[in-house]
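Got your viewer open? Here is a short tour of what to select, stop by stop.

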Amino acid sequence: MNEEKEIIIKSKKRVQKHGEVFTPKKIVNMMLDQPGIKEACASVDQTFLEPSAGEGAFLVEILKRKLDLVQAHYSDTLKQYEQYSLLALTTLYGVELLEDNAQRCTMNMYKVYNDYYRDTALKFNKKPHDRVFQSAQYIISTNIVQGNFLTKNQANEEPIVFSEWNWLNKGKNQKTVVVQRTEYTLQDIVDGTIHNPGYIYGTPVSATFGQLSLFDMFEDDAADGETDKIYQYVSCDIDKVYLEEMENIDE
């Protein structure tokens with residue numbers, strides 16, 4: 001059987017301008033099999049940040065390994081699989097300079113998640129849930145950012161912002177994974193800044209929807225007349241993160 005030929009260079013111009021050369025899958029897996037990294041890939045809540053994500057070569061392979069782990073150890077029920085597979089997804093972050101690569105990265109990651117989820121639902125003879133697909137899309141579009149890792153800015157010159165998805169009921173063997181979302185700029189992370197749980201970058205709320213969503217499917221629902229209020233994210237079940245639930249904290 002002829003294997004599909006890997007593309008590691010899109011064009012000479014892109015190599016000259018951006019130094020863009022993709023890592024072959026064989027090398028990706030060899031690097032991920034190194035001591036320490038291999039064990040981290042086998043942890044459902046160990047985080048990874050790819051500063052030059054490309055089309056997601058590393059992130060996609062790490063996601064596959066994490067989803068294999070979830071299927072093996074957290075799939076007594078479909079709901080359990082849903083909860084822990086989304087948790088695994090929250091641990092993968094990437095920054096990519098080029099727009100087409102960033103879009104391809106998000107779609108590659110979503111395709112992997114979609115395939116694994118549908119396959120697991122089929123084993124339980126159940127239909128996949130829309131809220132899980134929506135949460136998966138939302139997490140990926142939030143965690144993968146088009147921007148420049150060196151300048152720490154997005155393509156629109158706004159700071160790169162990541163969300164920490166803190167697992168609140170870890171180790172309690174709960175049926176539902178509860179998370180608390182807190183936003184940090186990349187500079188915050190470098191500086192070791194600690195925000196209060198639920199912190200939203202650029203509060204008041206009118207400034208919290210500026211980061212580019214590569215799925216381009218979430219509308220700005222900030223209500224008129226509420227731009228002076230301070231909000232924070234509320235803790236929620238992990239399959240409801242797409243709702244972006246907030247609470248007013250200045251009352």
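Start by selecting residues 48-50, which are strand S1, together with S2 (92-96). The two strands pair in the parallel sense over three bridges; strands (E, at least two residues) are DSSP runs numbered from the N terminus, as are helices (H or I, at least four), and pairing takes at least two DSSP bridges. Look across from Glu50 and you'll find Gly94 in S2.

A quick note before moving on: this is a predicted model, where local features need pLDDT of at least 70, side-chain atom pairs count only at pLDDT 80 or more, and totals for chains, interfaces and linings use all residues. Residues are numbered from 1 along each chain as its sequence is written, and side-chain values use heavy atoms, with hydrogens and water left out.

Now add S3 (144-148). S2 pairs with S3 too, again parallel and over three bridges, and Glu96 has Gln146 as its bridge partner there.

Stay on S2 and show side chains. Leu92, Gly94 and Glu96 point one way, Tyr93 and Val95 the other, and all are buried (under 20% relative accessible area with a 1.4 Å probe, protein chains only; exposed is over 50%, partly exposed in between).

Next, select helix H7, residues 130-143. Its 14 residues reach 20 Å from first C-alpha to last, close to the 20 Å expected at 1.5 Å a residue (1.5 Å times one less than the number of residues). Eleven of the 14 are buried, including Phe133, Tyr138 and Ile140. Among the elements covering those buried residues are helix H6 (99-123) and strand S5 (161-167).

Conventions
Contact = heavy atoms within 4.5 Å.
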